[in-house]
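Trainee: I've got the coordinates open and I'd like to know where the labels come from. Can we go through one helix and then the interface?

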Amino acid sequence: MKLGAYLLWTPVAVAAGWTVLLGYLLDDAVNPLADFRLLLLRWAVWIAAGAVLIGLLNLLAVHWSKISLLEPGWPYSALVLLFFLTTLVLGIVFGTNYPIVSMLFQYVQLPVEASLMGLLAITLVLAGVRLMMRRRQLTSAIFLAVALLVLLGTGPWLIGNGSALQEAVVVGQRWITQVFAAGGARGIVIGIALGAITTGLRVLLASDRPYAD
Amino acid sequence: MDEIRCPMCSTLNPSEADVCRQCGARLKPVLGIPTGGKTGPLEAGDLPPVPDWLNRIRSDLPGEEGEAPASEGPDWLGRMREAATPGDEGPPAGEVPEWLKEDAPAPDEPAPSAPAPRTAPPAPAGKPAAASSTAEPPSPSLTPIEPGTSKPNETSMAGETPEWLSRIRDREAKARQRPGQEPEEDWLARFRDEAIPSAAQAKPDKKEARPEPPGVSPKPPPKEAGPAELRPMARPPAPVPSRAPEPIPAALQPPIPETEAPSQDLPKVPALILDSGGTATPGAEDIDLESIQLPEWMSDLKGGGPEEAAGERSRRDLAPATIPAWLEAMRPIDTFRSVVEIQPEEEQSVEAAGPLAGLRGVLLAEPVVAMPRAPGMDMGRVDVTDRHYAQAELLQKMLEEEAHEAPVAPGQRRRLPLLRWVVGAAVLLAVAIPAVLGATWFPVPSPEQWPPELVGFRSVMGRIPTDRASLLVFDYEPGYAGEMEAVLGPVVDDLMTRGIPLATLATRPAGRILAERILARYSSLHGFAAGEGFLHLGYLPGGATAAQAFLAAPRQAWESVGGAPSEGDVWVSPSLASIQTASDFGAVFLFSAGAESARTWVEQAGPLLDSTPLLAVVSAGVEPILRPYYDSQAPPLDAIASGLPMALAYEGANGRQADALSRWNPYGSGMLAAEALLAGGTLYGLAGWLTRRRPA
Amino acid sequence: MSPTLSAIVLLLFVLLLLGYAALGRRRPALFRPIPGFDALGSAIEKAVEAGDRVHVSLGTGSLLSPEAAPALAGLSLLSRIATRTSMSDRPAVVTAGDGALVILAQDTLRAAYSRVGAGQRYRHTSARMLAPTPFAYAATLPVLLATENVSASILVGSFGPEGALAADFGRQANSFVLAGSDDVPAQALMYATAEHPLIGEEVFAGGAYLQLGALHSASLRTQDTVRLILVLVILAATALRTLGLVG
């Protein structure tokens with residue numbers, strides 16, 4: 001990016017970030033930039049909507065490029081473009097409530113994504129089976145033991161619920177999920193929040209400038 | 001011819017003009033050249049004496065034979081050319097280059113540096129030397145000179161011939177007059193005499209001795225052999241491996257020209273080193289041979305044997321300076337050019353041909369790079385070691401491999417993901433079989449075994465007002481529809497049972513359709529009409545930012561993104577007419593499968609909702625993340641529901657069994673299969689770990 | 001948290017960040033080894049040597065949400081990776097599930113190439129939005145990995161469970177897989193499927209481990225310091241509440 005643009009956009013980005021941040025910290029009654037903050041938030045929503053369109057245009061450009069250059073996998077790109085344009089035209093012309101659009105969702109997108117969830121389940125089971133072979137560590141053993149315990153405590157038993165063993169397993173599962181897992185997750189979330197804050201501050205301090213360099 | 005062509009611009013000028021009318025170049029030499037009154041271009045006979053090297057070059061140029069005049073002036077070297085092959089001339093002893101005088105190999109050194117390509121190899125043993133040089137047909141690799149053609153001006157120029165050269169010529173003449181007689185005192189002269197005929201015969205072709213293949217050095221004459229042993233040197237090359245008992249790999253040998261050297265047509269510049277058939281080397285009696293450092297083997301031959309050479313060595317106080325063989329091999333052979341003295345201007349030749357014809361003292365027409373020269377490295381002296389042989393063999397092997405067409409290697413065999421297939425098949429079968437068979441293998445939990453969160457959830461549901469809409473936030477992707485609909489279905493069913501008006505908001509692009517899907521399913525059961533009992537606010541882009549904006553001011557945020565055109569003006573609906581802030585909703589339900597988005601909604605909505613309850617129906621994976629918000633004091637989250645057991649319990653509480661019950665057995669079967677597979681994999685891995693650690 | 005307390009915490013962060021950045025010039029920080037980042041350099045070099053692509057995924061999250069933080073960390077990594085692969089026959093390819101992130105990725109790529117004088121090698125199609133939904137994104141990844149000869153996949157962004165699928169697809173393609181997310185359940189899943197999972201806030205540590213600047217190292221020191229303060233506060237509050245000194 002040229003020097004002039006760099007000098008322009010960095011202050012704009014930093015000012016917008018600090019305005020929104022201070023708007024959250026200060027009460028709107030004493031914040032002279034309260035209205036400006038709300039305006040920026042609305043712009044952000046607009047920009048998000050625009051970004052979806054830009055992303056779709058990028059999707060279109062990438063696949064069109066693959067087709068025009070006959071790169072490997074171009075038939076898939078052709079299919080993507082075909083369904084992309086079909087759905088787009090139907091949605092624009094008839095709206096999202098149009099039965100054909102609903103059918104496309106109901107009988108194409110939903111089954112595909114549901115099958116991917118099923119694939120995820122199989123993948124996780126497979127990863128668990130392989131984990132002890134790939135990574136022979138104590139942490140792997142603990143990971144698998146906890147996973148087994150939680151599965152046993154969550155799922156139904158063939159012998160029925162209510163047995164002493166099943167009750168013990170359920171108690172153990174709840175201890176793990178509601179104490180250790182929840183506590184650990186909370187600690188991880190705090191750590192992630194700290195990382196997110198410092199990352200955001202680097203952007204606000206113009207140290208990280210993904211928008212310009 | 002009355003006109004003279006300008007040598008510079010080729011413009012025709014009058015014959016009397018001194019300078020070109022076009023370019024001003026001088027048309028006649030400044031020096032008074034006796035032209036005999038001729039006009040026009042200078043003729044050969046009119047030219048002043050030309051330095052021999054220039055004459056030689058001119059005479060050797062293709063197409064110019066016969067044009068170059070035989071020098072009649074005091075060109076002692078030019079005449080010398082006539083009596084010698086082009087490659088064996090050299091300046092007089094006084095003009096021996098300094099480097100050669102100083103750096104020539106010491107007499108006691110072996111003479112491996114004798115230039116192999118220029119030295120004819122020895123003849124096969126047993127063949128008479130004299131006969132071999134005269135009776136044999138001229139070798140294609142030699143440059144024979146016809147003796148009769150080599151002395152047209154020899155005597156006429158005798159007065160200007162240096163004394164030492166005269167003696168040489170006299171001796172040569174005597175030798176020619178009595179062929180077969182060999183001067184007993186000078187084997188070199190004898191050798192020269194033998195070389196002359198064959199070289200003279202080959203002169204028209206100017207063929208040089210075929211270079212020997214690299215790695216094969218000429219075998220120096222044995223020390224015990226007398227001078228006569230050198231005669232076979234004029235014979236065709238018979239390469240003798242110098243030190244390599246085994247053949248040099250073919251890969252290391254340069255291609256040998258089949259007929260002659262590529263530079264055969266170029267003017268040949270003689271070297272000081274004795275060439276094949278060379279005659280320029282002064283005789284021993286004429287020149288102080290001590291001033292020329294000959295190779296040891298030659299010195300031995302000259303001196304009669306190693307004994308004399310040893311005695312000669314013993315007389316030296318200091319050993320002559322020597323240079324390493326590798327450096328000697330790198331010495332440019334045309335270095336002798338530097339010792340060619342520049343003659344006075346009046347003695348310089350006049351250019352006889354070309355655009356510079358008539359000018360004196362012109363530079364060589366041939367660039368120096370075109371002059372023949374010895375190879376920079378004497379290939380005959382390569383020291384081939386065992387390591388070289390090994391490397392050569394390796395190189396040859398590589399080249400041979402390159403020459404062969406490698407068979408197409410079969411592609412890396414793609415290992416079948418058997419384990420993946422086994423695991424996938426086991427899980428799929430475990431889920432499918434009970435679903436297809438309608439099996440009831442797993443007992444349904446009794447109300448006593450229902451999750452404790454159910455009571456709290458239903459308790460909050462009982463407090464939701466029915467005069468205003470409750471907000472349902474659909475924050476999950478279609479992939480989670482199977483899990484989420486099983487849990488939120490009973491919740492929606494309960495909401496409609498209680499007659500609570502609903503408004504849906506999608507935070508994902510597909511959320512609107514997901515909401516329609518679930519509401520349409522239960523609205524028909526409860527007589528809820530779209531637009532009255534429930535309505536859709538549509539998709540709100542912007543993620544958490546949009547959530548914050550919507551919770552603060554729902555209408556403004558909704559309108560700021562243009563609303564949902566297909567939904568119309570939803571805010572005029574009675575259930576939404578009173579809604580100004582998020583806390584105006586009867587309740588807010590969060591249907592989420594994303595931990596971060598669910599946490600964001602809870603954290604953002606909690607402070608803004610006041611007494612309005614916030615209930616979460618989340619994926620089982622998100623539940624541990626949101627539970628602290630539910631378990632804490634003054635919780636921002638009033639109720640939470642997740643997982644199939646909760647859904648089954650809720651269906652039981654509603655009195656309407658739906659999705660949860662139908663999925664209970666496949667769910668249990670699939671879980672059992674996963675547990676078995678995990679346990680088996682873990683045990684297998686542990687067993688492998690232990691068995692591998694034991695030998696260590 | 002009240003706005004006043006939030007402002008104090010924010011001010012503390014800023015002061016610590018700047019202070020550690022100034023201190024870091026004299027006393028550089030020492031970080032514990034993270035296997036994923038240790039192996040990242042050699043994986044990139046191998047990919048460049050082999051003429052393969054390095055794939056950087058910024059996740060499926062949106063820029064206008066807290067999910068943007070790991071994606072911004074991913075952009076920092078991308079800057080360095082793009083610089084190191086700019087001379088490769090196949091420069092890095094970046095994917096995301098959000099259009100705004102794709103725009104930032106394009107800017108980052110363009111700037112990185114310009115920095116090393118290879119601006120002409122930039123292609124706007126090197127940064128792609130694969131799909132607008134997470135699972136559609138995951139479903140598209142195998143095609144990308146197969147057709148672009150990807151041998152290293154760096155997944156640093158906001159992923160849900162689809163991140164586990166993405167990591168597994170990379171592993172099936174025999175790629176080096178470094179995967180991190182801000183989503184805790186996704187981290188648990190990636191632990192099982194990724195070759196080098198990043199746990200917790202490790203996803204934000206890439207800049208410091210790749211030495212992208214003083215503020216990146218200062219960020220880790222700031223996080224550790226604030227974390228230590230939080231631990232002390234939690235312990236003190238727990239003790240006081242256990243003793244009944246506070247309500």
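Mentor: Sure, and bear in mind that this is a predicted model. Start with α5(C), which has 14 residues and reaches 21 Å from its first C-alpha to its last.

Trainee: What makes that span close to the expected one?

Mentor: The expected span is 1.5 Å times one less than the number of residues. For α5(C) that comes to 20 Å, and the helix reaches 21 Å, so the two are close.

Trainee: Where does α5(C) kink, and by how much?

Mentor: At T140(C), by about 30 degrees, shortly before the proline P142(C). That angle is taken between axes fitted to the seven residues ending there and the seven starting there. Just after the helix, N149(C) has a positive phi of about 55 degrees.

Trainee: Why is α5(C) called mostly covered?

Mentor: A residue is buried if 20 or more other C-beta atoms lie within 10 Å of its own. In α5(C), 10 of the 14 residues are buried, so "mostly covered" fits. Among them are F135(C), Y137(C), T140(C) and L144(C). The cover includes α4 of chain A, plus β1, β2, β4 and α6 of chain C.

Trainee: How do you know which residues of chain C touch chain A?

Mentor: Two residues are in contact if their C-beta atoms lie within 7 Å. By that cut-off, 55 residues of chain C are in contact with 54 of chain A. On the chain C side, α4(C) gives the largest share, eight residues. That side divides into 35 nonpolar, 13 polar and seven charged residues.

Notes. Residues numbered from 1 in each chain as written. Chains lettered and ligands numbered in written order. Predicted model: local features only at pLDDT ≥ 70, side-chain atom pairs only at ≥ 80, totals over all residues. Helix = DSSP H or I, 4+ residues; strand = E, 2+ residues; numbered from the N terminus. Nonpolar A, V, L, I, M, F, W, Y, C, P; charged D, E, K, R; others polar. Buried ≥ 20, exposed ≤ 12 C-beta atoms within 10 Å, placed from the backbone.
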